[in-house]
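Biologist: Please take a close look at a single part of this model and walk me through it slowly, explaining each term as you need it.

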Amino acid sequence: MTLILSHSDITTLIDRTEIYDAVERAHAALATGQAQNPGPVSMPLPHSGSALPMVAAGFGSSAVKLLSDMPFNASRGLPTQRSTIVVNSADTGECEAILDGRAITAIRTAAVSAVATAHLSRENSTVLGLVGAGTLAIEHTRAIARIRGIEKVLVWSRSVSTVDRYAAAVADLGLAVEPAGSPREATTRADVLCTLTPSKEPIVQGDWFHPGLHVNAVGAPPRPDHREIDSGGMKVATVFVDAISTTLAKSGDALLAISDGTISEADLTIELGHVVVGSKPGRTSDDEVTLFDSVGIGLQDLVSARTLIDKAYELGVGTTVDLSS
């Protein structure tokens, strides 16, 4: 039997702490060779869209998330990204589950940024800077406030109403939320900065980085010509990646800095999992600028889905169908 989990099923089941623990284990397993995450391919679709199958294997399962990146949807009033996750048993090959990817993607992305923040930022970080104030900003605030003593959030968005919606959505956390006048202000005053915009051109400059800053570069679409951080920022920071093969396939932040000669592939050799398991160093001083180039990998989706599947069966949530009948 195959379990079907809809968006509403997933929002009922998902626990952010469980997802944090799952993705941290996933990156450790990738670093030690206990899980696999091949580099992705991108297939062109009409209207400048693309389809990216994100595959992974480990933890008793294999999985593929088909991510559809559809920028043209914005003019239709539709989501610009949609995804579906299919999980198969590594023992029998049967399809265990099909899950809507919307909530999983947002929450696991924030959880991975929180893992990076826990391992790379200064422990006394209290000010969170956000460039972008949408759903990812809300999820990142919840995830990072759980692992650092955040007291203030500086949030920038082109839209005042988006900042207002953000502030209302995180009001239960009891944080001081202050609108930032510019991306530069959010950067220069933050201990931890998250860039969360679908930017094509750099929206944050390395000249604004200050000693001790940790950056999670998250928002740019998985396209080699989109980036949020300029080449100077990629050079001045020590860069950590989720998976080297994925970064070199679809991170515009990295690839554009390589193409103009500011950095090289030799600057992109430390994966987050290496830091988690201690095989490579993370932050080495309080003054170091660290940057996590978050592109997103299928293994994060696999372990998040695995957590939800097990919980759904335990609680009797979802619909089962016999695909072979």
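Modeller: Helices here are DSSP runs of H or I with at least four residues, and strands are DSSP runs of E with at least two, both numbered from the N terminus. This is a predicted model, in which local features need a pLDDT of at least 70 and side-chain atom pairs count only at pLDDT 80 or more, while totals for chains, interfaces and linings use all residues. Residues are numbered from 1 along each chain as its sequence is written, and side-chain values use heavy atoms, with hydrogens and water left out.

Let us begin with helix α9, which covers residues 252-259 and has Gly252, Asp253, Ala254 and Ala257 as its buried residues. Buried means a relative accessible area under 20%, exposed means over 50%, and partly exposed lies in between, with a 1.4 Å probe and protein chains only. The buried residues of α9 pack against α7 (231-236), α8 (244-250) and β13 (290-293), and just after α9 the backbone of Gly261 takes a positive phi of about 80°.

One of those buried residues, Asp253, leads us to Glu228, since Asp253 is among the residues that Glu228 touches. Contact, in this sense, means heavy atoms within 4.5 Å. Glu228 is found in the loop between β11 (214-217) and α7, and among its other contacts, leaving aside residues up to four places away in sequence, are Thr195, Pro202, Val204 and Gly219.

What makes Glu228 worth a careful look is that this residue is buried yet has no salt bridge, a salt bridge being a side-chain nitrogen of Lys or Arg within 4 Å of a carboxyl oxygen of Asp or Glu. The nearest side chain of opposite charge belongs to Arg158 and is 8.9 Å away, where Lys and Arg count as positive, Asp and Glu count as negative, and His and the chain ends are not counted. A polar atom of the Glu228 side chain does, however, lie 2.8 Å from the backbone nitrogen of Gly219. For a polar contact, two N or O atoms must be within 3.5 Å; within protein, one must be able to donate a hydrogen and the other to accept it, and residues adjacent in sequence count only if both atoms are side-chain atoms.

Taken together, Glu228 sits in the loop that precedes α7, α7 is one of the elements against which the buried residues of α9 pack, and Glu228 touches Asp253.
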